[in-house]
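Q: Please go through this model and show how each label follows from its definition.

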Protein chains: 2
Amino acid sequence: MILDSETKATEHSEDHGDELRLWLRLLTCTNLIEGEVRRRLRERFDVTLPRFDLMAQLDKVPDGMTLSDISKRMMVSNGNVTGLVERLVESGHLDRRTSETDRRVQVIRLTRTGRAEFRKMAAEHELWIASIFADLSAKDVQDLMRLLGKTKVSARNATQRKA
Amino acid sequence: MILDSETKATEHSEDHGDELRLWLRLLTCTNLIEGEVRRRLRERFDVTLPRFDLMAQLDKVPDGMTLSDISKRMMVSNGNVTGLVERLVESGHLDRRTSETDRRVQVIRLTRTGRAEFRKMAAEHELWIASIFADLSAKDVQDLMRLLGKTKVSARNATQRKA
DNA sequence: AACAACAATTTTAGGCTTGAAGCATTTCGC
DNA sequence: GCGAAATGCTTCAAGCCTAAAATTGTTGTT
């Protein structure tokens, strides 16, 4: 049993240092990229990332979405979306109207100019992202995709069983 | 030249969809985990992630750090750290004193109880992270580590040459 | 119709974050 | 030593974000 101390879990205090380091690296990596994207959006288009993300959701559908839909898709709170939409209506990018069949719901759409502006931003944004991942091979990208997919599933499992 | 249209870059409008999807997945993954960690820190210890992170930095050194050191290590703005430290001094976790050799400098330390509380939180935190990555094999973890390392370098290159 | 349950949204209080402007102190160049 | 530049920190305005409470509207039951 020469491998015992390596392979067998000691009752308490296993070593989870690798997972911790992985999480820290994942966080650093994401923050690095996200910070850069925010900076460029602000410099080039004077827009924030949350606003860009919201417009991206709306650009995918022709007929608008409700606030709840948006908040689910963006995985943020309802109240958050209220404020975001408010500011984007104010700036003329979004159009908001009360549904005729249910007066509780608000239907949000991109305006014509909102959609046009978003498309311009999205095109550049895609190039930024490509340049950020430029040193990775196609295989690296696929591998990362797969491993992050696995991570997502694992995380969801963990959060649901509330271990 | 049968592979030409596949391998050769057309002058404009290459396809960067894979990179974009990778970035979205990276972001989703990180947000999922980060959200869960925030939730648990709040529920279990009534502490926020930024405060936890700040204490983590201070726990690594015996003799305290200056505000600038902290802000560099955490990669956040100076003004941000000012407020964070303020609240943690208020709650008794941190001790703050003006340096004797340079009266501009504030030296921040964990108090005895601050350090004790942090250690308790950190121990649980490590278990949460381990459980979140539980479905990944040791090799998966290593592969992710390596690929994220590569990504970090690539991103830094891209942000520095400001492509 | 009345009433309870539910659903969509807004409001509120508190905290995080940034970039820019401002203040105090130190250091550098002369 | 003196003024200018640099450094460390704080303040400020604006925006983002959340959870929880409040508001408004709909639906199902009796």
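Q: What makes helix 5 of chain B a helix that lies across strand 2 and strand 3 of chain B?
A: In this predicted model, lying across a strand rests on contact, which requires heavy atoms within 4.5 Å. Helix 5 of chain B lies across strand 2 and strand 3 of chain B, and runs at about 115 degrees to strand 2 of chain B. Helix 3 of chain B lies across strand 1, strand 2 and strand 3 of chain B, at about 95 degrees to strand 3 of chain B.

Q: How do you know that strand 2 and strand 3 of chain B pair?
A: Pairing needs at least two bridges between the strands. Strand 2 of chain B and strand 3 (residues 106-110) of chain B have five bridges, in the antiparallel sense, so the pair meets the definition. Within strand 3 of chain B, Ile108(B) stands opposite Arg96(B).

Q: Why is the sheet of chain B given with strand 1 and strand 2 at its edges?
A: The sheet is open, with three strands in the order 1-3-2 and antiparallel pairing. Strand 1 (65-66) and strand 2 (94-98) of chain B each have a single partner strand, so one side of each has no neighbour in the sheet.

Q: What makes the approach of Arg96(A) to DNA strand C a polar contact?
A: The cut-off is a pair of N or O atoms within 3.5 Å. An N or O atom in the side chain of Arg96(A) is 2.2 Å from a phosphate oxygen of DNA strand C, so the pair qualifies. The side chain of Arg51(B) also has an N or O atom 3.2 Å from a phosphate oxygen of DNA strand C. For Arg104(A), the partner is a base nitrogen of DNA strand C, at 3.3 Å from a side-chain N or O atom. Two or more residues of the surface near DNA strand C come from each of helix 4 (67-74) and helix 5 (78-90) of chain A, and helix 3 (49-59) and helix 5 (78-90) of chain B.

Q: Which part of DNA strand C supplies the atoms within 4 Å of the protein?
A: Sugar or phosphate accounts for 79% of those atoms, and bases for the rest. The residues of the surface near DNA strand C comprise five nonpolar, nine polar and eight charged.

Q: How many residues does the contact take from chain A and from chain B, and what area is buried between them?
A: The contact takes 53 residues from chain A and 53 residues from chain B. The buried area is about 5,900 Å², with 70% from carbon and sulfur atoms. In chain A, the most area is lost by Leu22(A), Trp23(A) and Arg25(A), together 12% of what that side buries.

Methods:
Residues are numbered from 1 along each chain as its sequence is written. Chains are lettered from A and ligands numbered from 1 in the order in which they are written. This is a predicted model: local features need pLDDT of at least 70, side-chain atom pairs count only at pLDDT 80 or more; totals for chains, interfaces and linings use all residues. Side-chain values use heavy atoms; hydrogens and water are left out. A residue is near a molecule or strand if one of its heavy atoms lies within 4 Å of it. A polar contact is a pair of N or O atoms within 3.5 Å; within protein, one must be able to donate a hydrogen and the other to accept it, and residues adjacent in sequence count only if both atoms are side-chain atoms. Helices (H or I, at least four residues) and strands (E, at least two) are DSSP runs, numbered from the N terminus. Ala, Val, Leu, Ile, Met, Phe, Trp, Tyr, Cys and Pro count as nonpolar, Asp, Glu, Lys and Arg as charged, and the others, Gly among them, as polar. Axes are lines fitted to C-alpha atoms, for helices over the stretch in contact, and angles run from 0 to 180 degrees between N-to-C directions. Buried area is the accessible area (1.4 Å probe) that two parts lose on being put together, summed over both.
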